[in-house]
Amino acid sequence: MLKDYAPEIEDSIVGVAQGGMLINPINNLEYAGDGILWSGVVGLALAALVEAYELDVDEYLTEYGKKALDDMSQLSIVESMARYPGLTWSQIFKPEYPTPDDVPAVKKVIDDINVGNWDSPTVPMFIFQGAAGFVEGTPAHAEHGPGDSIMVTRDVRTVVRDYCEAGAQIEYREYPFASHVMAGAPWAIEGYLWLEGRFNGQPATNNCSTVPVGNEL
């Protein structure tokens with residue numbers, strides 16, 4: 001992580017407060033794709049991956065998918081949500097490629113950015129996650145469980161437990177009645193207070209033993 005791309009600042013970081021974490025993108029694509037409000041972000045994320053990693057995926061796309069991804073490469077999150085409500089993977093990719101696992105170029109990138117495949121952090125963290133995605137139109141997924149409407153709660157639990165097992169100091173908060181947007185309020189308050197404690201030299205807190213079991217990543 002930090003030691004790989006910015007080792008000169010690693011010793012200067014006293015802590016990280018983070019919320020709404022993207023862990024396994026495949027799970028997110030399947031979960032958020034079932035929603036109404038945030039499903040447009042599925043296409044936006046795919047468009048960003050295609051551009052950032054210079055992927056050639058035209059042979060896998062439907063005609064609608066080609067037009068949509070080209071359009072979304074120029075959109076903001078809000079614009080994509082408004083323009084592509086209810087967007088699904090099956091609208092973007094041809095029937096013979098029913099999941100991201102069936103598109104080699106996409107799967108390789110997704111495996112690379114899956115946080116579950118990364119090393120554990122060396123700095124204390126305060127991690128927040130909502131679990132009431134239904135408030136923003138995304139029901140709990142049959143396999144992956146609930147999320148905050150775009151991020152998958154059980155994926156976050158698994159990564160937190162992995163970090164804890166590796167010896168990291170992690171304080172985890174899960175908000176069962178907060179969606180992605182709603183969780184921003186307690187995140188701002190609790191995150192600020194936790195970071196203030198780190199800057200004041202207070203020891204990092206740890207509630208690893210209370211984190212529920214999550215999904216396989």
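Two strands count as paired if DSSP finds at least two bridges between them, where strands (E, at least two residues) and helices (H or I, at least four) are DSSP runs numbered from the N terminus. The model is predicted, so local features need pLDDT of at least 70 and side-chain atom pairs count only at pLDDT 80 or more, while totals for chains, interfaces and linings use all residues. Residues are numbered from 1 along each chain as its sequence is written, and side-chain values use heavy atoms, with hydrogens and water left out.

**Exercise 1. Determine which strands pair with β2, and in what sense.**

Step 1. Take strand β1 (residues 16-19): β1 and β2 pair in the parallel sense over four bridges, and A17 stands opposite F126 in β2.

Step 2. Take strand β3 (residues 170-175): β3 pairs with β2 in the parallel sense over six bridges, with F128 standing opposite R173 in β3.

Step 3. Follow the connection: β2, helix α8 (residues 153-165) and β3 make a right-handed β-α-β unit, right-handed meaning that, with the strands pointing away from the viewer, the path from the first strand over the helix to the second runs clockwise.

**Exercise 2. Decide whether the faces of β2 are buried or exposed.**

Step 1. Fix the cut-offs: buried means under 20% relative accessible area, exposed over 50%, and partly exposed in between (1.4 Å probe, protein chains only).

Step 2. Inspect each side: M125, I127 and Q129 on one face are buried, as are F126, F128 and G130 on the other.

Step 3. Conclude for the strand: six of the six residues of β2 (residues 125-130) are buried, so β2 is largely enclosed by the rest of the structure.

**Exercise 3. Work out which parts of the chain the salt bridges of R83, K108 and E190 connect.**

Step 1. Apply the criterion, a side-chain nitrogen of Lys or Arg within 4 Å of a carboxyl oxygen of Asp or Glu; a search of the whole structure finds seven salt bridges.

Step 2. R83 forms one with D71, the closest N and O atoms being 3.0 Å apart. Because R83 lies in helix α5 (residues 77-83) and D71 in helix α4 (residues 63-72), the pair ties together parts that are 12 residues apart in sequence.

Step 3. K108 forms one with D112 at 3.5 Å between the closest N and O atoms; both lie in helix α7 (residues 104-113), four residues apart, about one turn of the helix.

Step 4. E190 forms one with R173, the closest N and O atoms being 2.9 Å apart. This pair links distant parts of the chain, 17 residues apart, with E190 in helix α9 (residues 184-199) and R173 in strand β3. Salt bridges that share partners join E171, R173 and E190 into one network.
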